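Got the viewer open? Let's take a short walk through the model, one selection at a time.

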Amino acid sequence: MSPTPEPHVVGRRTPRIDGEDKLTGRADYTVDHRLEGMLHGYPVPASIAHGTLESLTLDAARAMPGVVDILHHGHFPDLHRSPNSMRQGDAVSEVRLPFEDDRIHYHGQYIALVVAETLEQARAAAFRVEARYHREAGVVTGLATGDDEGEAVRHYTRGEPELAFGLAPVILDRTYTMAPESHVPLEPHATLAEWREPDRRLVVHESTQGVFYQRNALARIFDLPIERVEVISHYIGSGFGNKLFMWPHAVATAAAARLLGRPVRTVLPRQLDMMTTGHRPASRQRIRLGAERDGSLVSIQHDSLTATSMVDRYIDACGGATPSAYACDSVAVHQRLQRVHHGTPCPMRAPGEASGLFALESAIDELAVALDMDPLALRLKNYADQDPRSGLPWSSKHLDRCLEGAAERFGWATRDPGIGAMRDGDEIIGQGMAAATWFAGRQPCAARVTLRADGSVLAACGTQDIGTGTYTIVAQTVAELTGVPMARIEVRLGDTELPAGPLSGGSMTTASTLPAVAAATRDALAALKAEATRAGGDFAGLDPASLAVEAGALVADGRRADFAEILARLGRSDVTGEGSAAPGDERREYSFRSFGAHFVEVRWDPGISRLRVARVVSHIDIGRAINPVAARNQVEGAIVMGLGMALLEGLVHDPRDARLVNANLADYRIPVHADVPEIDVELLDYPDYRFNEFGARGVGEIGLTGVAPAIANAVYHATGRRLRDLPITVEKLLAPD
Amino acid sequence: MLETHDHSPEATVPVRLTLNGAPVTVEVAPNAILLDVLRERLGLTGTKKGCDHGQCGACTVHVDGRAMNACLRLAVMCEGQAITTIEGLAEGDRLHPVQQAFLDHDAFQCGYCSPGQIMSAVALLEDPRVAGDVCTVREAMSGNLCRCGAYQNILAAIQDARLRLHGQEGDEA
């Protein structure tokens, strides 16, 4: 019986192949793995942000039931810091090793790891560890306010931005600030480490967006050949950048497992997760715009200051999108970095650019007000037909379609631009818009595809599915090229024993992975054709090139044979193909970005001081959506996260001592069901074949960029209050100007 | 001076449950949390821990038919109670109508909050006090955080499941 053909699976709305596992509780996340004889690790956090650890009193904790050991400075193996190199693939989030010395650099930094037989015992004992500290003067609790604070780290300039600004008839000079944001993946960070006999191989289950980076880093830290380290991450309870690179809990857990000769699992409690595993850093951005009276931009200057920790140098590049955003001859982007006594920040969804576009797209709106011009018209006036940064043509840009299409769907033409001019009963309606953009990149990737004698196909790649739908799009790719039904395609991801795959980050997974999977599929089909045409094969003597692939079968001369029949006749259990793909020289000819437009309506009820987002209309240009169901879901989710960025989210550090005071999900608020308005997303379908054969540019970050400024601009329209500090809380709206 | 404790041996308490329809007796420490007992002792890892503080809803289970955060209950409080987890919803290979609706509407991304979302949804669909309009459903579901932000699809799934279960449409808000 021939399998059902599946033409054009790529690009079709496809239910996720891992959906049933996730919805029945069968999916194996890192926190769900346990091993025979496994111990439980529970970290103890520093209660100060700056100073030294003078002493630990461990007697009471050690005497608690079930406690096996307590690791700390002075009782921890000598390890090597990872070189922390992106190029070598061993980047880590925090390069300092746990318990390396007695210095305390941030609140929550681990001072001990209690290891006990049960979770209850480890937790109970962790709370009995007593620490004495020497607090030091000079704690840096947050970003400084001067324009020249920090270390200059990046610089871009074209034209004469200062001169043009000085000569411009209309100018704007504004500063925008943002609180640090927590990623809050619902699965906390977790490590299960085992030194597996007989050869003491280090096998680690980790909730990570990059199994290969973690493997390479662990190999360097524990001085092992990479073949003796395996990192596994089958299911990840989301990441948003939080889980790109390894954090210290994983090193401490692996060290404990080696020391104690038993597997150890550490699942970070939410509070520690928020304290120690990164955040989007605080930023302060000054935007200066110069324009002609007709709205033509003549100068853009974007100066950013972002925070990093005392122990690492993470740069959140706020100005990343600015040089390419508008047709403007004179542009300068400066980035400065300031060290504060907080945990190390890390990339968070649309890192840098989400913050940067809050500032830039708010400033554009302010300029439109100053010019008495429609903000949509101002954006179209300065539309960049080619990338003004490189001078290269865009591979595919349809931002104008996004802006105009979303405006029409939203009903922008009927907007009354007067402040507070639109009302509905007690509520004042505010409408705002902003543009979205995110770069399109690719990483190298390898994959393996096996056609099996039972008619099924196995596709394997060492990238991860962090919830974006990678399992499903890999299967779609194989189905597209083989005609084998989706139900007969098995996909394995998230294991360093599989062919090397990329980080799940930067919106690069789809464009990186699918070409490699396609290459491996074609290689497997070529191997099958070679088998089928040799002596004893179904198509013996024919030229392999004359065989066509059709619905899970090879076809020639009016005859067809299923993959399974061909393999069975030859007594083969399977044939395997390997493939890889990497970025080519396309970047020399074209500039690659995704684009979008968000239109937002807010409702402000001044009588009860209630601000809500009422609806969002977004048109997004991501090239081809491989699985439009999952792509749309991701964009909607990003818009929800943008709503959080605009109105709810901010980590709060005590201004006296830099202690993090809201490291929990009640005091750090993320959007809930009741916050979420009607979200209307249109994915434009312009495949970008200059980028890859599937025309896909990736979808993870683009939906977040531009949301916060669109909301802030709508708040201004409703209230007349231009709030340049996120999140926009009711307290700020009620405070006098 | 530290308090003194009797450390040896650590006392355990037997707790009898009806777990997903079957009787179970489990010996637990007095400070053991229902969530941890389900996950670590009884092998039911479908119920997730997101915050351990009743702030995220990932651990939602049914206790005698009511949706509760398993992280906020000591296991010893559950003596004689019926606990239903995500593993107890499907009948063999046949998904519960709410699970099927979540699949059909792509009402998840990473899937980590999904068991809790589904358990809350099943409970509210069976609760006559909870009206069927979208505003009420959003409010009733607001104890279940989804950081992937699949809320719109979750809402659509719940309203679709309402039809499948009760054959009535949720009133428009």
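pLDDT is the predictor's confidence in each residue, on a scale from 0 to 100. You'll want it straight away, since this is a predicted model. Colour by pLDDT and select residues 1-9 of chain B: the score stays under 50 there, and the model gives this stretch four contacts beyond four places in sequence. Where pLDDT is low, the predicted coordinates should not be read in detail. Now widen the selection to chain B as a whole, which averages a pLDDT of 92, with 91% of its residues scoring at least 70. For the complex, the predictor reports an ipTM of 0.97 and a pTM of 0.97.

Next, select chain A and show it as a cartoon. You're looking at 17 helices and 28 strands. Its radius of gyration is 27 Å, close to the 27 Å from the globule rule for 737 residues, so chain A is as compact as a globular protein of that length. Along the principal axes, its C-alpha trace spans about 85 × 70 × 50 Å. Of chain A's 737 residues, 60% count as buried. Among chain A contacts with a separation of 6 or more, 82% join residues 24 or more positions apart.

Last stop: pick residues 470-482 (α12) and 509-533 (α13) of chain A. These helices pack at an angle of about 35°, with axes 9 Å apart, and the crossing is right-handed. Show side chains at the contact: α12(A) contributes residues including A:Ile473, A:Val474 and A:Leu481, while α13(A) brings A:Leu514, A:Val517 and A:Arg522, among others. The contact residues divide into eight nonpolar, seven polar and one charged.

Methods
Residues numbered from 1 in each chain as written. Chains lettered and ligands numbered in written order. Predicted model: local features only at pLDDT ≥ 70, side-chain atom pairs only at ≥ 80, totals over all residues. Axes fitted to C-alpha atoms, helices over the stretch in contact; angles between N-to-C directions. Helix = DSSP H or I, 4+ residues; strand = E, 2+ residues; numbered from the N terminus. Left-handed = near helix turned anticlockwise from the far one by under 90°. Contact = placed C-beta atoms within 7 Å. Nonpolar A, V, L, I, M, F, W, Y, C, P; charged D, E, K, R; others polar. Rg over C-alpha atoms; globule rule 2.2 N^0.38 Å. Buried ≥ 20, exposed ≤ 12 C-beta atoms within 10 Å, placed from the backbone.
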